[in-house]
Amino acid sequence: MKDLVFDIETYPNLFSICFYNPATDSYKTFEMSAWCNDWNDFRKFVKNCSNGFVRWVGFNNYYFDYQVIHAMLNMFKLGEYNGEQIARAAHKKANELIRSSKDERFTNIIWDNNHMVPQVDLFRIHHFDNMARATSLKVLEFNMRSETIEDLPFDPMVPLTAEQRPVVLKYNKHDVSETYKFYLKSLSMIHFREKLSDKYDKNFINFNDTKIGKEYFIMELEKAGIKCFSLDDEGRKPVQTKRDRIKLREIIFPYIRFERPEFRAVLDWLHDQEITETKGVFTELDDLGNLSKYANLKTVKGKIKNLNCIVDGFQFDFGTGGIHGSVDSTIVEEDAHHAVLDFDVTSLYPSIAIVNSVFPKHMTKKFCEIYGQMKKDRIAYPKGTPENAMLKLALNGVYGDSNNKFSPFYDPQYTMTITINGQLLLCMLAEMLLKIDSVKLIQINTDGVTVKVRRDKIIEVEAVNKKWMEMTKLDLERADYKHMFIRDVNNYLGVYTNGKIKAKGAYEWDALYRPDHKNPDSITWHKNHSNVVVQMAVTAHLVEGKNIREFISNHKDPFDFMLRTKVPRSSRLMWGDEQIQNTTRYYMSKNGRQLTKVMPPLAKNPEKERSIKIHDGWKATPINTMREIDDIDPEWYAQEAEKLVEPLYSGLLAEMMTY
């Protein structure tokens, strides 16, 4: 296929469609406006694309750009039309799409089989259509370290002047160029989807990873005769199992037992629960009953914050998504006499379903048979092959969808059976390990535990793990830590004995984009890649003992100092007394000005705009077009790094003083 990268711009009196052809390194813009009308040429261009092996690649084009173009192609055939008339119609359609609800958008969408030209949507492939991962092209420009970041230059609801017209056309071309950059960084994902599409004779191109896994599973289920969808007068509907209520006593595995009174109290409390919801049911609780004497009773709005218990000073927090707990504000290290061991359950949620014959009720036990076969098949394919990757997605994607009211996997009792038993099984492992002399629990998370233990007791730890695996039929994988720098359960830096680093939350930087990144497919494009030098300095200090201030002062890559901010169109971003573009890249500088976000008034005080200073008391300089920099303020970055380091040492000092 020949891929053409494109983007549209819509104003009341201008509709432009810009294409970039990587094969010829050339741009072509079609303009329908008060000044120009390329409509007939564009229709011929579309016909040529539809007759050849051509795809259009865009960013959110599936739900927006192509929908506008398709509507215009149906509305305006070949003939004599006024360019401004077409621009007005395109602008109206664009705003209908922007204002429409999600349900309306899906009801009226033009799907793949009716596309005049096949579409590749990078927005969908990267799952940016998920609210938790929502990412704009402007954010990607920052994360890709583009030389220039350009925001929409004029209000899209106001007609353009003749002077503004070339600025918008230039901006349209810039967006296409940036989309092409992201297309290059997405090629491995596109090629993976092409191989799957060829092998299974199904169009996977615009599927995100989770959807690929679910779709493959559905294909296998239907092959086995399990009906996933039904047809009626209203169309295709997923087959589901709905529940008015779930009695937790009926779903907790009978072999789950505890000796510690704290865990027994949790188990008893869960046995007494009958729930009608699956989200937030273990937060803001009225009463913990007998569990109260073993729990942290911190309250929110007069209610107990969450289901928890405290064992030997370590707090276990339970939730519908999984268990977690951690020592806080400390440094944990191996030494000549102690090891820091991490044990993760292999494919925890799929494995629980497979070995315990748990399945959405409407899918029967065949669900577990197919699930188990997929797990075996994945092992048979080498890592790095499309088959291995796709089977991994299939294994992991089903659990989350079992609580999706639009999915054929929907059965909330299946969801709760997996997640509640998963937490209790890990508590069983923790209880068994805590019986061993010198074992100290460091962390427990959704699928594993981390402990510190005397080296002469490791053989006992492994024996306990073996016993637990035999009892649960689950597998544990071991990793050894050299250091763990832990602020809290969600923010820590771990260094394995093989030198590999695991960073989470505020300490993460290696999964962010850098030109020398060793594994581009692991880049977290939806996260904020601001002031990476801070995390780099912290890592160098903690792991290698380097001085934070010296590291920052000697660091050369200006992109690592960059930050970004974004304010909505209803607000303004001010640099001193100068208004700048709403999405702005900047750095902390010695010679800059105060950045301020100015927002519309509230209803109770309609005359007064609200303003919030960004990094109050510090100076910043916008740099949406990169250039030489000689006034970076290293002090701001050093203080930010020290904020990540200080809690570790203060917590460690407090712990040492207790001995």
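**Close-ups of a predicted model**

**View 1. Ile205, a buried residue in a loop.** Let's start with Ile205, which is buried, with a relative accessible area of 10%. Anything under 20% counts as buried, so Ile205 makes the cut at 10%. Keep in mind that this is a predicted model. You'll find Ile205 in the loop that runs between α8 (187-200) and α9 (209-223). Who does Ile205 touch, once its neighbours within four places in sequence are left aside? Its contacts are Arg55, Gln119, Val120, Ile125, Ile190, Arg193, Glu194 and Ser197. Take Ile125 from that list: 80 residues separate Ile205 and Ile125 in sequence, yet their C-alpha atoms are 7.5 Å apart in space.

**View 2. An open sheet of five strands.** Here the strands line up in the order β3-β2-β1-β4-β5, and their pairing is mixed. Which strands stand at the edges? They are β3 (26-33) and β5 (119-121); each has a single partner strand, so one side of each has no neighbour in the sheet. Ignoring direction, neighbouring strands are turned by 25° against each other on average. Look next at β2 (residues 14-21) and β3: they run antiparallel and are joined by eight bridges. One pair to pick out is Asn21 with its bridge partner in β3, Ser26. Helix α1 (residues 39-51) packs on this sheet and touches β1 (2-11), β2, β3 and β4 (54-58). The direction of α1 makes about 115° with that of β4. While you're looking at strands, here's a handy general point: in a regular strand, side chains alternate between the two faces of the sheet.

**View 3. A hairpin made by β6 and β7.** Strands β6 (residues 229-232) and β7 (residues 235-238) run antiparallel, with four bridges joining them. How many residues does the hairpin use to join β6 to β7? Just two residues link β6 to β7. To find your way around the pairing, spot Ser230, whose bridge partner in β7 is Lys237.

**View 4. Helices α10 and α14 packed together.** Two packed helices are described by the angle between their axes and the distance between the axes. For α10 (residues 261-271) and α14 (residues 412-434), the angle is about 165° and the axes are 11 Å apart. The two helices are therefore roughly antiparallel to each other, and their crossing is left-handed. On the α10 side, Phe263, Leu267 and Leu270 meet Ile420, Leu424, Cys427 and Glu431 of α14. Sort these residues by class and you get six nonpolar, no polar and one charged.

**View 5. Helices α12 and α13 crossing.** The axes of α12 (residues 366-380) and α13 (residues 386-401) come within 9 Å and cross at roughly 145°. This crossing of α12 and α13 is left-handed too. Helix α12 brings Phe367, Tyr371, Met374, Lys375, Asp377 and Arg378 to the contact, while α13 brings Asn388, Leu391, Lys392, Ala394, Leu395 and Val398. What does the mix look like by class? The contact has seven nonpolar, one polar and four charged residues.

**View 6. Ser571, tucked into another loop.** Our last stop is Ser571, in the loop between β23 (563-566) and β24 (572-575). Is Ser571 buried or exposed? Ser571 is buried, with a relative accessible area of 5%. Leaving aside neighbours within four places in sequence, the contacts of Ser571 are Asn582, Val598, Met599 and Pro600.

Note on methods
Residues numbered from 1 in each chain as written. Predicted model: local features only at pLDDT ≥ 70, side-chain atom pairs only at ≥ 80, totals over all residues. Heavy atoms only, no water. Buried < 20%, exposed > 50% of the residue type's maximum accessible area, 1.4 Å probe, protein only. Contact = heavy atoms within 4.5 Å. Pairing = 2+ DSSP bridges. Axes fitted to C-alpha atoms, helices over the stretch in contact; angles between N-to-C directions. Left-handed = near helix turned anticlockwise from the far one by under 90°. Nonpolar A, V, L, I, M, F, W, Y, C, P; charged D, E, K, R; others polar. Parallel < 35°, antiparallel > 145°, perpendicular 65-115°, else oblique.
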